[in-house]
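Student: Could you take me through the charged side chains here, slowly? I'd like to see where they sit and who they pair up with.

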Amino acid sequence: LDTSPSCKSVASFYGLIAQLAAKYDDIEIYDAPNGRIVHKYCKRTKDFVPIWNSDDIENRAYDWKYLKNRTVLLFSDTDCLPILEKNLNTNNIIFMCRHEVDERRYSMRDMDKKLKDFGNTVYYNVKTPDKLVEVIKKLK
């Protein structure tokens, strides 16, 4: 979940996603401003906690270095594109972009094709519960 200032308008929606996802044992939730993982949700304390030590940071773990062969649902905007590009062939990425298709920046047009070429998926305008339900129905 992207907690950067550019996603402020969808912060409460992302918070709702975190609350719902926290009820499932097989889902990990990360605070990932601009796609960079900085905290992990702790179900025991019901809060996001730092997860990297200095070696992890030096190894750029926040760029998903330790995520391999996972299905990653990333709720973000186009500021996360550099992280997505580094992980195209490593994980199954489902990018839930808050922007509408018409709002796509030039760089997103290129990334849209790259995501699809590597078997990943992108959905646009995912910023409300109704839109998320619509997308989930497509994923089944």
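Tutor: What follows is a walk through some charged residues, with a short stop at a pocket and a loop on the way. Keep in mind that this is a predicted model.

Let's begin with the general idea. Side chains of opposite charge can pair when their charged atoms come close. Searching the whole structure turns up 12 salt bridges.

Take a pair that joins two helices. Glutamate 85 and lysine 114 form a salt bridge through their side chains, at 2.3 Å from N to O. Where do these two residues sit? Glutamate 85 belongs to helix α3 (residues 81-86) and lysine 114 to helix α4 (residues 106-117), so the bridge ties together distant parts of the chain, 29 residues apart. How accessible are the partners? Glutamate 85 has 38% relative accessibility, so it's called partly exposed. Lysine 114 comes out at 26%, and that makes it partly exposed too.

Stay in helix α4 for the next pair. Here the side chains of lysine 116 and aspartate 112 make a salt bridge, 3.0 Å from N to O. What's the spacing along the helix? Both residues are in α4, 4 residues apart, or about one turn of the helix. Now look at how the two partners are placed. Lysine 116 is partly exposed at 49% relative accessible area, whereas aspartate 112 is buried at 9%. The cut-off for buried is under 20%, so the 9% of aspartate 112 puts it in that group.

Now move along to helix α5, where you'll find lysine 138 and glutamate 134. Their side chains meet in a salt bridge at 3.7 Å, N to O. These two are 4 residues apart in α5, again about one turn of the helix. Lysine 138 has a relative accessible area of 51%; exposed means over 50%, so that's the label lysine 138 gets. Glutamate 134, at 37%, is partly exposed.

Charged residues can also be linked in a group. A network of salt bridges connects Arg36, Arg60, Asp63 and Lys86.

Next, a charged residue with a different story: aspartate 2. You'll find aspartate 2 in the segment before α1 (11-21). Which residue is its nearest side chain of opposite charge, and how far away is it? That's arginine 98, at 7.0 Å; aspartate 2 is buried and has no salt bridge. A salt bridge needs the nitrogen within 4 Å of the carboxyl oxygen. What does the side chain of aspartate 2 touch instead? There's a polar contact with the side chain of serine 4, at 2.7 Å, and another with the side chain of serine 76, at 2.6 Å. Setting aside neighbours within four places in sequence, aspartate 2 is in contact with a list of residues including Cys7, Tyr14, Ala32, Phe75 and Asp77.

Phe75 takes us to the pocket. The largest pocket has a volume of about 760 Å³. Among its 23 lining residues, Phe75 is one of those closest to the centre, along with Ala21, Ile27, Glu28 and Leu73. The elements giving two or more residues to this lining are α1, β4 (71-76) and α5 (129-139). β4 gives the most, 5 residues.

Another aspartate worth a look is aspartate 56, in helix α2 (residues 54-58). Is it buried or exposed? Aspartate 56 is buried, since its relative accessible area is 14%. Beyond its neighbours within four places in sequence, aspartate 56 is in contact with Ile51, Ala61 and Tyr66. If you like distances along the chain, try aspartate 56 and lysine 140: they are 84 residues apart, and their C-alpha atoms are separated by 35 Å.

Last stop, the backbone of one lysine. Lysine 46 sits in the loop between β2 (39-42) and β3 (47-50). What is unusual to look for at its phi angle? The value is near 55°, which is positive although lysine 46 isn't a glycine. With a relative accessible area of 64%, lysine 46 is exposed.

For contrast, look at a residue that isn't charged. Tryptophan 64, in the loop between α2 and β4, also has a positive phi, of about 75°, without being a glycine. Tryptophan 64 is buried, at 2% relative accessible area.

Notes
Residues numbered from 1 in each chain as written. Predicted model: local features only at pLDDT ≥ 70, side-chain atom pairs only at ≥ 80, totals over all residues. Heavy atoms only, no water. Buried < 20%, exposed > 50% of the residue type's maximum accessible area, 1.4 Å probe, protein only. Lys, Arg positive; Asp, Glu negative; His and termini not counted. Polar contact = N/O pair within 3.5 Å; in protein donor to acceptor, adjacent residues only side chain to side chain. Contact = heavy atoms within 4.5 Å. 1 Å grid on protein atoms, 1.4 Å probe; cavity = no way out; pocket = protein on both sides within 12 Å on 5 of 7 lines; lining within 4 Å. Points joined across faces, edges and corners; volume = space filled by probe spheres on them.
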